Amino acid sequence: MLLSLKPREDKFFDLLEQSARTVDKGAKVLLSLLNDYQQLSVKMAEITEVEHQGDDITASITEQLNQTFITPIDREDIYLLGNRLDDILDNIHGTIERMYLYQTSQPSEDFIKLAGVLSQATEKLAEVIAALRNIRKNQDAILEGCAKIKQCESEGDRLYRRGVAHLFNELKDPIELIKWKEILERVEDATDVCEHVAKIVKGVAMKNA
């Protein structure tokens, strides 16, 4: 196996950007499903394909790390970013998969709003990760974007708590309540991981400015 000694490796930025865009694509699949819930089986197939794409990118990141001696940013950060982005996509896939397998009723307004907040967070993640190509030039934009992702996470927590409260107050069927609580948790988990990724990005920006 040949190890690359090139000090700057654009391929890592390419892969991380691809991963972030794929995550955002997954969040958009969830939003499009909520706009037309009759398309549940179609969107299940779509998110499965998107998740496979994400898995391939994550595997490529690990492979490239094993083949590269010098990386443009700390290899630990590259590894963490790749895997945490994949975690977000796994949560999105798990959300739609549960809706499909459980054959849930129409989603609540709180759930739709929570999915919208997740989409905002993934959009911003794609932006800040793309900005890592030129950290010194883009540091302010990166830090501002990370702060906005933190705001999304806080709003996601609020919507999750309100959504769970509404489930207990409004749903009479305990089985349906359990289904939706689990599904809400998956989306809230995804927003939490978005903030975790933002913290890693912020750390990279501070270390390399």
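Which element gives the largest share of the lining of the largest pocket? The answer is in the first legend below. The model is predicted: local features need pLDDT of at least 70, side-chain atom pairs count only at pLDDT 80 or more, and totals for chains, interfaces and linings use all residues. Residues are numbered from 1 along each chain as its sequence is written, and side-chain values use heavy atoms, without hydrogens and water.

**View 1. Lining of the largest pocket.** The pocket (an open set of points on a 1 Å grid over the protein atoms alone where a 1.4 Å probe fits, with protein on both sides within 12 Å along at least five of seven lines) is lined by residues with an atom within 4 Å of a point. About 170 Å³ of space lies in the largest pocket. Ser108, Leu167, Glu170, Leu171 and Trp180 are the closest to its centre among the 13 lining residues. Helix α5 gives the largest share, four residues.

**View 2. Surroundings of Gly156 in helix α5 (residues 135-170).** Gly156 is buried, with a relative accessible area of 0% (buried means under 20%, with a 1.4 Å probe and protein chains only). Leu114, Val117 and Glu188 touch Gly156, leaving aside residues up to four places away in sequence; contact means heavy atoms within 4.5 Å. The C-alpha atoms of Gly156 and Leu118 are separated by 7.4 Å, at 38 residues apart along the chain.

**View 3. Helix α6 (residues 174-208) and its start.** A side-chain oxygen of Asp173 reaches to within 3.0 Å of the backbone nitrogen of Ile175. Helices are DSSP runs (H or I) of at least four residues, numbered from the N terminus. The end C-alpha atoms of α6 are 51 Å apart, which agrees with the 51 Å expected for 35 residues at 1.5 Å a residue; the expected span is 1.5 Å times one less than the number of residues.

Key
Helix = DSSP H or I, 4+ residues; strand = E, 2+ residues; numbered from the N terminus. Polar contact = N/O pair within 3.5 Å; in protein donor to acceptor, adjacent residues only side chain to side chain. Buried < 20%, exposed > 50% of the residue type's maximum accessible area, 1.4 Å probe, protein only. Points joined across faces, edges and corners; volume = space filled by probe spheres on them.
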